[in-house]
Amino acid sequence: MSPTARRTVLKGAAVAGAAGLGVVGCSTDSKLGHAEVPTPTAPVDLGPADAVPVGGAKLYREQRLIVHCPAEGQYKAFSAQCTHAGCVLDKVEGAEGNCPCHGSRFDVTTGKALKGPATVPLPEVPVRAEGGKLVAGPGA
Ligand code: FES
C-alpha cells in the first residue's frame with residue numbers, strides 16, 4: 001500500500017469513528033434535556049427584588065428558579081425544575097408551583113413536593129438582594 005493510500009484509509013476510519021461518537025452524543029444529549037443540573041452553576045441575575053411580592057413567590061422560568069419572599073427583604077430560592085422527570089414548572093398559584101408534565105405540585109415556600117408523582121423536594125438555591133436586585137446561585 002502506498003503511503004498516500006494508507007493515509008486515506010486511516011482518515012476514513014477516523015471519520016467513521018467520529019460519526020459513531022456523534023450518534024452516541026446525540027442520544028445522551030436528548031436524555032440530558034431532562035436531567036440538566038437543576039441548580040445554577042454560576043450566579044444568575046434575576047432583576048429587581050421588588051418583582052417578588054412580599055408573602056408570595058415568583059417563577060423565573062427561563063432561569064429555572066422560583067423565588068419566595070416570606071417578609072420584606074427576605075428571599076428564598078428554589079430550583080424550578082421538577083424533581084420527577086425534569087420539566088420546568090410553568091406557574092405559581094398561591095404558594096404552589098405546578099409542573100405541566102405530570103401534575104406534580106410543590107410548596108414554593110419550602111420546596112416540598114405536595115402532590116406526586118414527584119416526591120423529592122425542589123433543591124434550595126442561595127439567593128441575596130444586592131442594591132435592589134436579586135442574584136441567585138453559587139456565592140449568593
Ligand atoms: S416532570 Fe414534573 S410531574 Fe413529571
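**Figure 1. The structure holds one disulfide.** Welcome to the first close-up of this predicted model. The disulfide joins Cys87 to Cys101, with an S to S distance of 1.9 Å. Turning about the S-S bond by -90°, the link of Cys87 and Cys101 is left-handed. Cys87 sits in the loop between strand S4 (76-79) and strand S5 (91-93), while Cys101 sits in the loop between strand S6 (96-98) and strand S7 (105-107), so the pair ties together parts that are 14 residues apart in sequence. A disulfide, as a reminder, is a covalent bond between the sulfur atoms of two cysteines.

**Figure 2. Cysteines and their surroundings, with Cys87 buried and Cys101 partly exposed.** Take a look at the two ends of the disulfide one at a time. Cys87 has a relative accessibility of 10%, and because buried means under 20%, Cys87 counts as buried. Cys101, at 38% relative accessibility, falls in the partly exposed class. Two further cysteines are worth a visit here. Cys69 is buried, at 1% relative accessibility, and Cys99 is buried too, with a relative accessible area of 2%.

**Figure 3. Four strands form an open sheet.** Following the order S2-S3-S4-S9, you can trace the sheet strand by strand; the pairing is antiparallel. S2 and S9 stand at the edges and have a single partner strand each, so one side of each is left without a neighbour in the sheet. Now for the place where S4 meets S9: these strands run antiparallel and are joined by two bridges. Ala77 has Val125, in S9, as its bridge partner. In general, strands of a sheet pair through backbone hydrogen bonds, either parallel or antiparallel.

**Figure 4. Arg64 has a positive phi without being a glycine.** The phi of Arg64 is about 55°. To find this residue, go to the loop between strand S2 (57-60) and strand S3 (65-68). S2 and S3 are also neighbours in the order of the open sheet. How buried or exposed is Arg64? Its relative accessibility is 21%, and since buried means under 20%, Arg64 counts as partly exposed.

**Figure 5. A cis peptide bond leads from Gly116 to Pro117.** Our last stop is a backbone detail. The omega of the bond from Gly116 to Pro117 is near 15°, and the bond is cis. Pro117 belongs to the loop between strand S8 (113-115) and strand S9 (124-125). S9 will be familiar from the sheet view, where S9 stands at an edge.

Note on methods:
Residues are numbered from 1 along each chain as its sequence is written. This is a predicted model: local features need pLDDT of at least 70, side-chain atom pairs count only at pLDDT 80 or more; totals for chains, interfaces and linings use all residues. Side-chain values use heavy atoms; hydrogens and water are left out. Buried means under 20% relative accessible area, exposed over 50%, partly exposed in between (1.4 Å probe, protein chains only). A disulfide is a pair of cysteine sulfur atoms within 2.5 Å. Two strands pair if DSSP finds at least two bridges between them.
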